[in-house]
Amino acid sequence: MSIGSVMDLERETMKESFLHLLDGRIKLIISLFIIVYAVYTSELLVLAVMEIYLLLLIYLSQISFKTALKRIMLLLPFGGFIVIFQPFIQPGSVIYTLPLGLHVTYQGLIFGILLFFRLVVTLTAIVLLSSISPMQEVVQSFRKLGMPKEFAMIFSLMIRFLFLFYEELQKIRHAQSTRNFDIFSKKTTYMWRMKQIGYTIMMMFLRAYERGETVYLSMVSRGYSDKSQLYNEGNKKIGSKEYIFTGTTVALVMCLEIAHYFSVM
């Protein structure tokens with residue numbers, strides 16, 4: 001992800017689809033509700049229905065499926081490695097034995113698949129929220145829901161600084177590549193490459209500290225204090241669109257739970 005893609009994401013949040021125009025609090029609450037429900041349920045069919053529902057919302061939001069899929073795939077490795085180890089660490093009936101005494105269990109395989117589906121549904125909900133809600137709106141929604149002002153400010157700065165730090169890392173990597181540095185090259189010793197990576201991490205910490213000092217001094221020079229009101233709360237009220245969206249989502253979850261209850265009996 002580059003700064004250009006971040007700007008594209010911000011431009012997508014400015015569209016005027018049905019979901020874009022919803023109150024930020026409703027979008028945030030429903031996204032959290034779907035995530036909690038995805039973690040709670042243990043039925044693959046239920047997770048599949050929830051994923052289809054989220055994909056339908058992405059379609060109604062006029063968001064490109066290709067773009068949404070790229071973002072999901074970008075986030076998937078951060079939790080995907082946990083799924084990979086489940087068939088080997090969960091106790092149960094052994095269905096396959098690998099070298100070095102590794103055993104693949106049936107229970108571990110099923111749990112790994114369940115965990116993967118949960119992860120996909122959760123990431124899809126996050127991608128949907130980030131595509132229909134500007135970052136400023138997310139922060140304002142947290143504030144309206146009772147988040148302390150200091151936490152809201154830290155949350156906002158953290159999100160924006162992540163992209164700035166990534167841009168700094170890209171600059172460092174570009175400078176290294178112009179000097180023919182390749183972390184996977186076998187032409188240099190392993191310890192030398194590890195030392196260069198250590199230098200890179202140290203440089204990132206130094207630049208993060210310098211950028212933080214610069215931003216703080218800029219805020220102070222513009223009159224910032226601990227009593228400053230950084231966010232406009234707004235007077236937008238929850239209307240019929242929000243009730244319809246909330247009711248539809250809750251009704252879907254209730255129908256899935258009722259169907260699961262009768263299927264078990």
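**Surface patch, hairpin and helix α7**

Isoleucine 113 is partly exposed, its relative accessible area being 34%. In this predicted model, isoleucine 113 lies in helix α6. The residue belongs to a nonpolar surface patch whose other members are Leu44, Ile95, Tyr96, Tyr106, Leu109, Ile110, Phe116 and Phe117. Together, these residues and Ile113 present about 790 Å² of accessible area. Two elements, β1 (94–98) and α6 (106–132), each supply two or more residues to the patch. The largest contribution comes from α6, with six residues. Since patch membership requires over 30% relative accessible area, the 34% of isoleucine 113 is above that cut-off.

Strand β1 also takes part in strand pairing. It runs antiparallel to strand β2 (residues 102–105), and the two are joined by four bridges. Within this pairing, leucine 98 faces leucine 102 of β2. The strands form a hairpin with three residues between them. In this hairpin leucine 100 adopts a positive phi, near 65°.

Phenylalanine 88 has contacts with residues of this region. It is located in helix α5 (residues 77–89) and is partly exposed, with a relative accessible area of 33%. When neighbours within four places in sequence are set aside, the contacts of phenylalanine 88 are Leu98, Leu102, His103 and Val104. Two of these contacts, Leu98 and Leu102, are the residues that stand opposite each other in the pairing of β1 with β2. In addition, the C-alpha atom of phenylalanine 88 is 6.6 Å from that of threonine 105, although the two residues are 17 apart along the chain.

Helix α7 (residues 135–144) is largely enclosed by the rest of the structure, because seven of its ten residues are buried. The buried residues of α7 are Met135, Glu137, Val138, Val139, Gln140, Ser141 and Arg143. After the helix comes glycine 146, which has a positive phi near 105°.

Confidence in the model varies along the chain. The mean pLDDT of the protein is 80, with 89% of the residues at 70 or more. Among the elements, helix α3 (residues 44–60) has the highest mean pLDDT, 92, and helix α1 (residues 3–12) the lowest, 59. Predicted coordinates should not be read in detail where pLDDT is low.

Methods: Residues are numbered from 1 along each chain as its sequence is written. This is a predicted model: local features need pLDDT of at least 70, side-chain atom pairs count only at pLDDT 80 or more; totals for chains, interfaces and linings use all residues. Side-chain values use heavy atoms; hydrogens and water are left out. Buried means under 20% relative accessible area, exposed over 50%, partly exposed in between (1.4 Å probe, protein chains only). pLDDT is the predictor's confidence in each residue, from 0 to 100. Patches are made of residues with over 30% relative accessible area and no salt bridge: like charges are joined within 9 Å, nonpolar side chains (Val, Leu, Ile, Met, Phe, Trp, Tyr) within 5 Å. Accessible areas come from the Shrake-Rupley method with a 1.4 Å probe; for residues, only the protein chains shown count as cover. A salt bridge is a side-chain nitrogen of Lys or Arg within 4 Å of a carboxyl oxygen of Asp or Glu. Contact means heavy atoms within 4.5 Å. Two strands pair if DSSP finds at least two bridges between them.
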